[in-house]
Amino acid sequence: MVNKTLHYYILSDSIGETALKVARSALSQFPTAHTVLHKYNFISNKAQLKDIIDHAQKHDGLLFMTIVDPELAQFVEKACIETGLICYNLIQPFILEIQRRLDLKPSTIAGAQHELSEQYFARVKAIEFCIHYDDGKDLSGLDEAEIVLLGISRTGKTPLSMYLGTLGYKVLNLPIMPEKEVSPELYSIDPNKIIGLTNEVDVINRHREKRMAEYGLGPGSHYASKERIEEELTYARKLYQDLGCRTLNVADRSIEESASIILDMLGLTPR
């Protein structure tokens with residue numbers, strides 16, 4: 001069987017992030033597929049679009065479009081009808097329906113969600129907070145933190161904190177281990193904002209063995225042993241129970257999925 005190649009095109013009058021995410025979400029269902037990405041950002045005129053359409057025609061391209069300007073979007077749709085290309089308009093139908101329901105005119109500002117608003121700067125501050133209070137370096141932020149993540153080594157505390165920071169939340173994460181007594185301050189904050197992370201022994205074992213290899217150390221260390229991991233997890237579960245906090249097993253979950261579950265647990269939404 002001849003392996004086919006799918007050429008897919010991202011067309012946007014902003015950075016193209018939304019269209020790219022949708023395209024990649026669909027393509028992730030075909031992990032063995034051979035694909036070629038053609039990404040066009042900050043499109044501002046029909047001449048640019050005509051060149052893109054001509055190029056896509058040569059490869060029977062699949063188009064994913066997030067163009068706010070209705071005239072430019074209609075130009076693409078008309079060209080695709082004439083050429084037989086398939087184009088998914090990922091924003092105009094929603095804009096039109098919201099306009100119909102609210103009887104308001106859209107701003108037609110490309111990339112409006114990326115404007116330097118108060119919300120944008122709040123997210124920047126949240127990320128700075130997450131960096132400053134990463135890995136238990138400073139516990140003075142416990143009261144200010146909106147989310148507190150606890151977990152033994154290799155449960156994904158730092159990447160999860162940083163991702164939640166990009167969603168606008170101030171997150172403090174704290175590593176725990178049986179030999180290190182947790183700060184009494186942890187018992188004085190609202191347990192509803194604490195999430196205790198867990199994982200499966202085999203998963204943590206793989207992560208720790210890989211980390212040891214990165215340090216040039218061979219397998220079989222006490223740190224990476226399943227017995228040690230089970231000891232740490234047992235300690236963590238007991239601590240979470242004492243704190244009265246909620247827990248999340250992050251095994252086989254992406255950072256995005258874990259973050260979404262945490263926000264649901266806390267009744268929060270991305271900002």
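This tour moves through a predicted model one selection at a time, going from the domains to their sheets and then to individual residues.

**The two domains**

Begin by colouring the protein chain according to its domain assignment, which gives domain 1 as residues 6-114 and domain 2 as residues 118-266. With both in view, note that the C-alpha centres of domain 1 and domain 2 lie 38 Å apart.

**The sheet E2-E1-E3-E4**

Next, select the strands E2, E1, E3 and E4, which in that order form an open sheet of four strands with parallel pairing. At its edges stand E2 and E4 (86-89), each of which has a single partner strand, so that one side of each is left without a neighbour in the sheet. From one strand to the next the twist averages 20°. Add helix H2 (residues 46-58) to the selection: H2 packs on this sheet and touches E1, E2 and E3, and its direction makes about 170° with that of E1.

**Strand E1 and its partners**

Now narrow the view to E1 (residues 5-12), where six of the eight residues are buried, so the strand is largely enclosed by the rest of the structure. On one pairing, seven bridges join E1 to the parallel strand E2 (residues 34-40); on another, E1 pairs in the parallel sense with E3 (residues 62-66) over five bridges. Tyr8 is a useful residue to pick out here, since it can be followed into both pairings: Tyr8 stands opposite Leu37 in E2, and its bridge partner in E3 is Leu62. Selecting Ile10 as well leads to Phe64, the bridge partner of Ile10 in E3.

To see how the chain passes from E1 to E2, show helix H1 (residues 17-27), which together with those two strands makes a right-handed β-α-β unit.

Before leaving this region, step back to Lys4, in the segment before E1. Is Lys4 buried or exposed? Its relative accessibility is 73%, and because exposed means over 50%, Lys4 counts as exposed. Measuring from its C-alpha atom to that of His34, a residue 30 positions away along the chain, should give a separation of 6.9 Å.

**The sheet E6-E5-E7-E8**

Move on to the strands E6, E5, E7 and E8, which in that order make up an open sheet of four strands, again with parallel pairing. The edge strands are E6 and E8 (246-249), each pairing on one side only, and the twist averages 25° from one strand to the next. Zoom in on E7 (residues 194-198) and E8, which run parallel and are joined by four bridges; within this pair, Thr198 stands opposite Asn249 in E8.

**The largest nonpolar core**

For the last stop, select Leu142, Val148, Leu150, Leu172, Ile176, Leu186 and Ile194, the residues with the most contacts inside the largest nonpolar core, which has 24 residues. The elements that give two or more residues to this core are strands E5 (147-151) and E6 (171-175) and helices H7 (201-214) and H8 (226-243). Which element gives the largest share? That share, six residues, comes from H8.

Finally, centre the view on Leu150 and display its surroundings, leaving aside the neighbours within four places in sequence. The residues in contact with Leu150 are then Lys157, Leu174, Leu186, Ile194, Ile195, Gly196, Leu197, Tyr240 and Leu243.

Key: Residues are numbered from 1 along each chain as its sequence is written. This is a predicted model: local features need pLDDT of at least 70, side-chain atom pairs count only at pLDDT 80 or more; totals for chains, interfaces and linings use all residues. Side-chain values use heavy atoms; hydrogens and water are left out. Buried means under 20% relative accessible area, exposed over 50%, partly exposed in between (1.4 Å probe, protein chains only). Two strands pair if DSSP finds at least two bridges between them. A crossover is right-handed if, with the strands pointing away from the viewer, the path from the first strand over the helix to the second runs clockwise. Domain bounds come from an automatic or database domain assignment. A nonpolar core is a set of buried Ala, Val, Leu, Ile, Met, Phe, Trp, Tyr and Cys residues joined through side-chain atoms within 4.5 Å. Contact means heavy atoms within 4.5 Å. Axes are lines fitted to C-alpha atoms, for helices over the stretch in contact, and angles run from 0 to 180 degrees between N-to-C directions.
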